[in-house]
Amino acid sequence: MKINRLDVFQLDIPLEKPKRYPNKTYEALDDTVVRLETDTGLVGWGEVCPIASTYQPEHALGVRAAIEEMAPGLIGQDPTQTDCINDTMNKWLMGGEYAKSAIDIACWDITGKAYGKPVYHLIGGRRQDKARAYPEIEMGPVETVQARMEQYRGEGFTHFQLKVGRGSNLELDIARIRKAGECIRPGETLVVDGNKAWKTHQALRILRATEDIDFYIEQPCLTYEECLAIRRQVRQPMILDECMTDIKLLLRALADNCFEGIGCKITRVGGITGMRLIRDVCTAAGKIMTVDDAWGADLSAAAQAHMAVSTSESTFAATYVSTYFSKLRYDEDAPMVVDGFLNTNEKAGLGVDPDMTVLGEPLHTYT
Ligand code: 0XW
Ligand code: MG
């Protein structure tokens with residue numbers, strides 16, 4: 001089997017709540033969908049949707065430029081030999097894991113279809129009947145924390161991620177954490193996510209002021225080294241997210257005893273191939289992880305669903321499914337959060353059949 005066509009589609013994913021960054025406010029995010037066609041007629045789909053251009057060192061235009069660089073090397077390759085595909089991509093491009101992820105996901109989709117199995121079957125099998133999802137409690141006044149947690153609890157969620165750190169109002173961060181701590185119930189999980197925002201002096205003051213509350217602290221500071229320094233001075237269990245970019249850093253963080261968990265985004269770590277490696281190391285080491293992505297639509301949700309249900313319950317923390325919080329669907333039968341849980345369908349591959357009237361014509365085609 002050989003790839004004989006690569007189509008690249010561009011979509012805008014409207015957001016329920018705008019995302020505000022220093023350079024601009026985003027009402028929608030720029031999404032890239034990849035379609036691989038083979039000489040057997042089998043087709044595979046992948047997707048990557050970076051958040052803006054300053055959240056991480058990845059951005060939408062970079063996705064499509066990276067794919068253009070790699071396309072000549074991909075035509076003629078066997079998509080079912082996924083490690084070989086990744087070798088090929090690395091021969092044609094250094095870095096650009098987020099763009100490579102979309103191609104990798106599409107190759108797993110084809111492989112599942114070629115063998116008549118859902119992707120989860122190929123990466124370990126069904127280890128969970130369904131996967132617990134979680135919402136973000138976005139930044140805002142203290143009063144909104146309780147209302148949002150009650151709203152999401154009513155929608156079936158039991159794992160909550162509280163956003164903090166937007167600005168230098170430490171008192172507001174402490175008050176929001178305290179309020180969330182008052183609202184959390186037995187059997188529920190509270191994660192406080194700084195999204196890299198705090199300086200170490202701020203993180204120390206806030207985490208020492210709240211060490212009587214039961215929560216995980218996620219990515220308090222920008223760099224791995226700053227998070228490691230904080231880890232060694234506070235009591236809250238640590239989750240590393242944005243700084244955890246690849247398996248080499250994961251092994252270093254294990255050796256440093258720097259974390260209890262990883263906030264893992266599929267398209268940050270190289271797609272299903274990359275996340276499977278990180279998942280298996282976390283499982284072997286007794287660590288936990290989320291199965292997330294930056295943003296995306298139905299294909300991203302499906303890739304997360306297959307990874308999540310094939311992750312052991314002892315390793316799996318939760319999954320953030322952005323289609324639950326945005327307005328773009330191109331396959332109403334694709335995996336979606338229901339009553340706080342995400343599941344796959346039993347179709348071969350990812351089980352997503354995009355509506356071409358939504359995707360429109362490809363932006364680029366490579367043959
Ligand atoms: C909550 N998320 C998974 C969704 C957004 O991509 C941000 C991310 C996070 O945890 O930082
Ligand atoms: Mg995070």
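**Reading contacts around Thr38, Asp173 and ligand 1**

Q: Which backbone oxygen does the side chain of Thr38 reach?
A: The backbone oxygen of Leu42, at 2.9 Å. That's a polar contact: N or O atoms paired within 3.5 Å, where a pair within protein needs one possible hydrogen donor and one possible acceptor, and sequence-adjacent residues count only if both atoms are side-chain atoms. Bear in mind that this is a predicted model, with local features needing pLDDT of at least 70 and side-chain atom pairs pLDDT 80 or more, while totals for chains, interfaces and linings use all residues. Residues are numbered from 1 along each chain as written, chains are lettered from A and ligands numbered from 1 in written order, and side-chain values use heavy atoms, leaving out hydrogens and water.

Q: Where is Thr38, and what does it touch?
A: Strands (E, at least two residues) and helices (H or I, at least four) are DSSP runs numbered from the N terminus; Thr38 is in strand E2, residues 25-38. Contact means heavy atoms within 4.5 Å. Ignoring residues up to four places away in sequence, Thr38 touches Met1, Lys2, Ile3, Asn4, Pro79 and Ile110.

Q: Is Thr38 buried or exposed?
A: Thr38 counts as buried because its relative accessibility is 2%. The cut-offs are under 20% for buried and over 50% for exposed, with partly exposed in between (1.4 Å probe, protein chains only).

Q: How about Asp173: buried or exposed?
A: Asp173, in helix H6 (residues 170-183), is buried, because its relative accessibility is 2%. The side chain of Asp173 makes a 3.0 Å polar contact with that of Trp198. Beyond neighbours within four places in sequence, Asp173 is also in contact with Met139, Val164, Gly165 and Ile206, among others.

Q: Ile206 sits in H7, right? Which residues of that helix are buried?
A: In H7 (residues 200-209), Gln202, Ala203, Leu204, Ile206 and Leu207 are buried. Their cover includes H6, strand E8 (216-218) and helix H8 (224-231).

Q: How many residues surround ligand 1?
A: There are 16, counting any with a heavy atom within 4 Å. The closest are Glu136, Gln161, Asp193, Asn195 and Ala294.

Q: Which protein atoms pair with oxygen atoms of ligand 1?
A: A polar backbone atom of Ala294 lies 2.6 Å from a ligand oxygen. On the side-chain side, an N or O atom of Gln161 is 3.1 Å from an oxygen of ligand 1, and a polar atom of Glu242 is 3.4 Å from one. By Shrake-Rupley with a 1.4 Å probe, ligand 1 alone has 290 Å² of accessible area, and the protein covers 98% of that.
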